[in-house]
Amino acid sequence: MPDDFGSPEYPPHRRAAPHGPAPYLSPSYVTYPWQPQPESDRGTTPRHPALGHHSDLRFLRSAYRSLRRVATCTALGYFSLFLVLSAFAPSLMTGTVSGGLSTGLLLGLIQVPITCLAIGLYEYTARRRVDPIADRIRKQAELDAKRGAGR
């Protein structure tokens, strides 16, 4: 049935909750803070905040960010140096080192070991800084899952 402006009137619909079922549909949901908690929910609150708000996740993100920067700067830094020397110092790059091997070719061949060094540096830094934080978060998530299953 159209309203006064000529547009049809649509029946009201329920919007789905953005993250699963709506909490207000649950019978154990406490609407007001002065309402008593149900018996099953008492004493089961974790001693630490939820994992999504955990500060270790911030440490993990920053450690992973620095890990990417170190590896990227190692590999791309050398390659950029090689490109700059090729563009602005052609006399240096065309000079011979020994036995007809030019400096440019030698620096180009050194790119492969530099890339391997960047990969090794990435793995070393990941094992030393990022993996311990990730292991700690993983263990904490397992403990939270066990506590949640025990309720």
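This report walks through the fold, the surface patches, the salt bridges and a few individual residues of a predicted model.

## The overall fold

Let's start with the big picture. The protein chain is built from four helices and two strands. Read from the N terminus, these elements follow the order α-α-β-β-α-α, so the two strands sit between two pairs of helices in the sequence. Among the helices, H1 covers residues 55-88, H3 covers residues 103-109 and H4 covers residues 111-150.

The protein chain has 151 residues, and 17% of them count as buried. About 12,200 Å² of the chain is exposed, with carbon and sulfur atoms supplying 63% of that area. What share of the contacts with a separation of 6 or more comes from residues 24 or more positions apart? Such pairs account for 55% of those contacts in the protein chain.

## Patches on the surface

If you are looking at the outside of the model, two patches are worth finding. One is positive and consists of Arg58, Arg61, Arg65, Arg68 and Arg69. Arginine 58, one of these residues, belongs to helix H1.

The other patch is nonpolar: Val70, Leu121 and Tyr124 together make a surface of about 250 Å². Tyrosine 124 is part of helix H4. Its relative accessibility is 47%, so tyrosine 124 is classed as partly exposed.

## Salt bridges along helix H4

How many salt bridges does the model contain? The count comes to three, and each can be followed along helix H4. Arginine 127 pairs with glutamate 123, with an N to O distance of 3.6 Å. These two residues of helix H4 are four residues apart, about one turn of the helix. Arginine 127 has a relative accessibility of 53% and therefore counts as exposed, whereas glutamate 123, at 40%, is partly exposed.

Further along, arginine 138 forms a salt bridge with aspartate 135, and their closest N and O atoms lie 2.7 Å apart. Because arginine 138 and aspartate 135 are three residues apart in helix H4, about one helical turn separates them. Both partners are partly exposed: arginine 138 has a relative accessible area of 47%, and aspartate 135 has one of 34%. The remaining pair is aspartate 144 with arginine 147, whose side chains meet at 3.7 Å, N to O. Here too the two residues lie in helix H4, three residues apart, or about one turn of the helix. Aspartate 144 is partly exposed at 24% relative accessibility, and arginine 147 is partly exposed at 41%.

## Threonine 103, a buried residue

Next, have a look at threonine 103 in helix H3. Is threonine 103 buried or exposed? Its relative accessible area is 18%, and the cut-off for buried is under 20%, so threonine 103 counts as buried.

Which residues does threonine 103 touch, once those up to four places away in sequence are left out? Threonine 103 is in contact with Leu92, Met93, Gly95 and Val97.

## Two pairs separated in sequence

Two more residues are useful for seeing how separate parts of the sequence are placed in space. Aspartate 131 is located in helix H4 and is partly exposed, with a relative accessible area of 33%. Along the chain, aspartate 131 and tyrosine 64 are 67 residues apart, while a distance of 9.5 Å separates their C-alpha atoms.

Isoleucine 110 sits in the loop between H3 and H4. At a relative accessible area of 32%, isoleucine 110 is neither under the 20% limit for buried nor over the 50% limit for exposed, which means that isoleucine 110 is partly exposed. Its partner in this comparison is phenylalanine 79: the two residues are 31 residues apart along the chain, and their C-alpha atoms are separated by 9.9 Å.

Methods. Residues are numbered from 1 along each chain as its sequence is written. This is a predicted model: local features need pLDDT of at least 70, side-chain atom pairs count only at pLDDT 80 or more; totals for chains, interfaces and linings use all residues. Side-chain values use heavy atoms; hydrogens and water are left out. Patches are made of residues with over 30% relative accessible area and no salt bridge: like charges are joined within 9 Å, nonpolar side chains (Val, Leu, Ile, Met, Phe, Trp, Tyr) within 5 Å. Accessible areas come from the Shrake-Rupley method with a 1.4 Å probe; for residues, only the protein chains shown count as cover. A salt bridge is a side-chain nitrogen of Lys or Arg within 4 Å of a carboxyl oxygen of Asp or Glu. Lys and Arg count as positive and Asp and Glu as negative; His and the chain ends are not counted. The place of a charge is taken as NZ of Lys, CZ of Arg, CG of Asp or CD of Glu. Buried means under 20% relative accessible area, exposed over 50%, partly exposed in between (1.4 Å probe, protein chains only). Contact means heavy atoms within 4.5 Å.
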